[in-house]
Amino acid sequence: MSLNDTPSGERLRISFFGKRNVGKSSLVNAVTNQQLAVVSDTLGTTTDPVSKAMELLPLGPVVITDTPGFDDTGELGEQRVKRTKQILNKTDIAVLVSDATRELDASEIELIEIFKNKGIPFVIALNKVDITSEADGDTQAVAANENVLSQYKDSIIYTSATEKKNINELKELIGSIKPVDENDLRLVGDIIDKEQRIVLVIPIDESAPKGRLILPQQQAIRDILESGAFAITTRETELPELLEQMIGGGKKPDLVITDSQAFERVSKDVPEDIPLTSFSILMARYKGFLDTAVKGARVIDELKDGDKILISEGCTHHRQCGDIGTVKLPNWLKKRTGRELVIETSSGTEFPENLEDYALIIHCGGCMLTQREMVYRMKCAIDAGVPFTNYGTAIAFMKGILERSLRPIYGDKNK
């Protein structure tokens, strides 16, 4: 898969953090080998996170992000620091940039503690080392830093963005890190066998993107092919005829995977002895929150009049008249519960900080978000005592087919 073909949710996120005027943006420009961020001696030049996709071996396709100064001040500065903290939630590898000519201060030590608490692997780049070599007084700061950071000696590198010193070495150090939550979990390949026949039901309607398939559908096809199995695609309108041909020919499907919005219709068409699940349920497992999603979906029947429900999406798109998040899900919830519910929505990078007032959060599959951010959002809900589920799991529950859709993953174990 090339750099341009790699979806943003599958790229490793490498973010540069630090105080203002430590040469953070200059270092980012040196690493990316282009003028990604504006550089100035004026404090607070970087006002918003700036990102660039690139290839960094041996990690592969990554996204490099330059963040505003963590010590920014004033009301606007507080907003910038808030955005910086939001970037932390989707960061796989962090780079703390500090000024080698002075000792680390409390805000930088705080950043290191945040990295550790969030389980984010990190590198410490002590920048402006070209200045320390010219000023004898700065050697005391270098010595003090080495003493403070002695426990992280394998993660420290001295750099000079100005003179391009140790830039390749910095990239190699970053590239040597294996993120904590990196795993070999596959979307579907680990629950199918070679030469099995997997039918993918992909509706092509007004909500389908023109000329392409959505990410979970692409991922499933690729995973099936890599497993040596057969990927057979159809719309829900042609599914009955396809099943008749396959079953009549003695080659019934080994698994059917459907788009969640067609779940009810497909469930009626697919015989009970043929395993059935959805792209969204597989994506919840892939992102690491399926168990939580199942528990959250079961809460739907416990909702009461006046309960607030947050329906959240990880990407932004044009809302159509039949939009799933703002139209279909609210209608299905009302029909299932018979309650007057208060529906609120969020999309993109905006995810509410205060969740305590919600009775349930229903999130999209998160295909455009990293696993780290999806798990972070799930944990935020858990910490607030709010049930958390996703579109496909909630739909399967409301349509009465959740147990069946989980069987290909859990077998007959009840989740």
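**Helix packing and two open sheets**

P216, Q217, Q219 and A220 of helix α7 meet F279, M283 and Y286 of helix α10. This contact is a good place to start a tour of the structure, which is a predicted model. Its residues divide into five nonpolar and two polar, with no charged ones. Two packed helices are described by the angle between their axes and the distance between the axes. For α7 (residues 215-226) and α10 (residues 279-287), the angle is about 80° and the axes lie 10 Å apart. With values from 65 to 115 degrees counted as roughly perpendicular, α7 and α10 are therefore roughly perpendicular to each other.

Helix α7 also leads to the first sheet to be described here. It lies across β7 and β8, and its direction makes about 150° with that of β8. Helix α8 (residues 239-248) likewise lies across β7 and β8, running at about 170° to β7. The sheet itself is open and consists of four strands, ordered β8-β7-β9-β10, with parallel pairing. Strands β8 (230-234) and β10 (276-278) stand at its edges; each has a single partner strand, so one side of each is left without a neighbour in the sheet. From one strand to the next, the twist averages 25°. Within this sheet, β7 (residues 197-201) and β8 run parallel and are joined by five bridges. One residue pair illustrates the register: I198 has A231 in β8 as its bridge partner.

A further open sheet is built from six strands in the order β2-β3-β1-β4-β5-β6, and here the pairing is mixed. Its edges are taken by β2 (50-56) and β6 (156-158), each with a single partner strand, so that one side of each lacks a neighbour in the sheet. The twist in this sheet averages 25° from one strand to the next. Six bridges connect β4 (residues 93-99) with β5 (residues 122-127) in the parallel sense, and V95 finds its bridge partner in V123 of β5. Helix α3 (residues 106-117) packs on this sheet, where it touches β1 (12-18), β4 and β5. The direction of α3 makes about 170° with that of β4.

These elements belong to a protein with 15 helices and 14 strands. Of its 415 residues, 53% count as buried. Among contacts with a separation of 6 or more, 75% come from residues 24 or more positions apart. The protein exposes about 19,500 Å², of which carbon and sulfur atoms supply 47%.

Note on methods
Residues are numbered from 1 along each chain as its sequence is written. This is a predicted model: local features need pLDDT of at least 70, side-chain atom pairs count only at pLDDT 80 or more; totals for chains, interfaces and linings use all residues. Side-chain values use heavy atoms; hydrogens and water are left out. Buried means under 20% relative accessible area, exposed over 50%, partly exposed in between (1.4 Å probe, protein chains only). Contact means heavy atoms within 4.5 Å. Accessible areas come from the Shrake-Rupley method with a 1.4 Å probe; for residues, only the protein chains shown count as cover. Two strands pair if DSSP finds at least two bridges between them. Axes are lines fitted to C-alpha atoms, for helices over the stretch in contact, and angles run from 0 to 180 degrees between N-to-C directions. Angles under 35 degrees count as roughly parallel, over 145 as roughly antiparallel, 65 to 115 as roughly perpendicular and the rest as oblique. Ala, Val, Leu, Ile, Met, Phe, Trp, Tyr, Cys and Pro count as nonpolar, Asp, Glu, Lys and Arg as charged, and the others, Gly among them, as polar.
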